[in-house]
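This report concerns helix packing and aromatic pairs. Please examine the sequence and the structure shown here before reading on.

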Amino acid sequence: MQTHVASRVLRTSNFATDAARQIVAAGLEAISKHAVFRLGLAGGNTPKAVYSALAELTHDLPWNRIQITFGDERCVPHDHPDSNYRMASDALLSRVPIPEGNIFRIRGEIDPAEAASEYEARLGSVAARFGETRYRHDLLLLGLGEDGHTASLFPGYPALDEQERNVIPTLGPKPPPQRITFTLPLINASRSVVFLVNDRTKEPVVQSALKGEYPSGRVAPSDGGVLWLLGHEA
Ligand code: 6PG
């Protein structure tokens, strides 16, 4: 029976630590149920502090049972300052004992269409092993842009309306413009989504998203929950 749980909002003055603890709890639950924790990472700046806090809790998780994906990536080399992979690697992945093969990096340095297709195929082979028609994240972390975008799904861009594919190339108004992104069908296949927002100036956008507006407002897993973790930093 599929149930879409209404979005929950949790306000915290301890944003990074509370977010890290949410991730650990989700991980332990997933591993107890399916022996693996499939965690999708958000890009941008907000998650850096969360990933650093998570790295401090490294002993709380069996990292060899964790599979890491990226909700979107900029089309730049992995060591480029704009790379979401580089941000996550510096803050977290280089600091925990996770096997390299468990980190599914989007190859932003190659042709975007090819990068998207190869990533889709990689997720698809894991989904097939789980008997899933679409890869299901146990937890997908997402950010929120001032224009209500999430991942690299921007208002008014065709990528937002993709209903079949899971990972596609797209352009966006936030530099760098060429990106690879999860689509809404893949995002909404997640068991759980946590939006990480630690900027009180985004509050009006959060409120609109909670009413279903913007790309972020269209995140509504058919069989999963959404938590908005809101910090107070401006
Ligand atoms: C990206 C992110 C994007 C980000 C928001 C918020 O690659 O840019 O996927 O969706 O999460 O733009 O970014 P900040 O956390 O830097 O405000």
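The following text treats one helix packing and then two aromatic pairs.

The model is predicted, so that local features need pLDDT of at least 70 and side-chain atom pairs count only at pLDDT 80 or more, while totals for chains, interfaces and linings use all residues. Residues are numbered from 1 along each chain as its sequence is written, and side-chain values use heavy atoms, without hydrogens and water.

Helix α1 (residues 15-34) packs against helix α2 (residues 47-56) at an angle of about 60°, and their axes are 8 Å apart. This makes α1 oblique to α2; angles under 35 degrees count as roughly parallel, over 145 as roughly antiparallel, 65 to 115 as roughly perpendicular and the rest as oblique. In the contact (heavy atoms within 4.5 Å), α1 contributes residues including Phe 15, Ile 23 and Val 24, and α2 contributes Ala 49, Val 50, Ala 53 and Leu 54.

Aromatic rings of Phe, Tyr and Trp (its six-membered ring) pair if their centres lie within 6.5 Å; planes under 30 degrees apart are stacked, over 60 edge-to-face and the rest tilted. By this rule there are 4 aromatic pairs, among them the two below.

| Pair | Centre distance | Plane angle | Type |
|---|---|---|---|
| Tyr 119 and Phe 182 | 6.5 Å | 35° | tilted |
| Phe 195 and Trp 228 | 3.9 Å | 10° | stacked |

Tyr 119 lies in helix α4 (residues 112-129) and Phe 182 in strand β7 (residues 179-182), 63 residues apart. Both Tyr 119 and Phe 182 are buried, that is, under 20% relative accessible area (exposed is over 50%, partly exposed in between; 1.4 Å probe, protein chains only). Phe 195 in strand β8 (residues 192-197) and Trp 228 in strand β9 (residues 225-230) tie together parts 33 residues apart in sequence; Phe 195 and Trp 228 are buried too.

Key:
Axes are lines fitted to C-alpha atoms, for helices over the stretch in contact, and angles run from 0 to 180 degrees between N-to-C directions. Helices (H or I, at least four residues) and strands (E, at least two) are DSSP runs, numbered from the N terminus.
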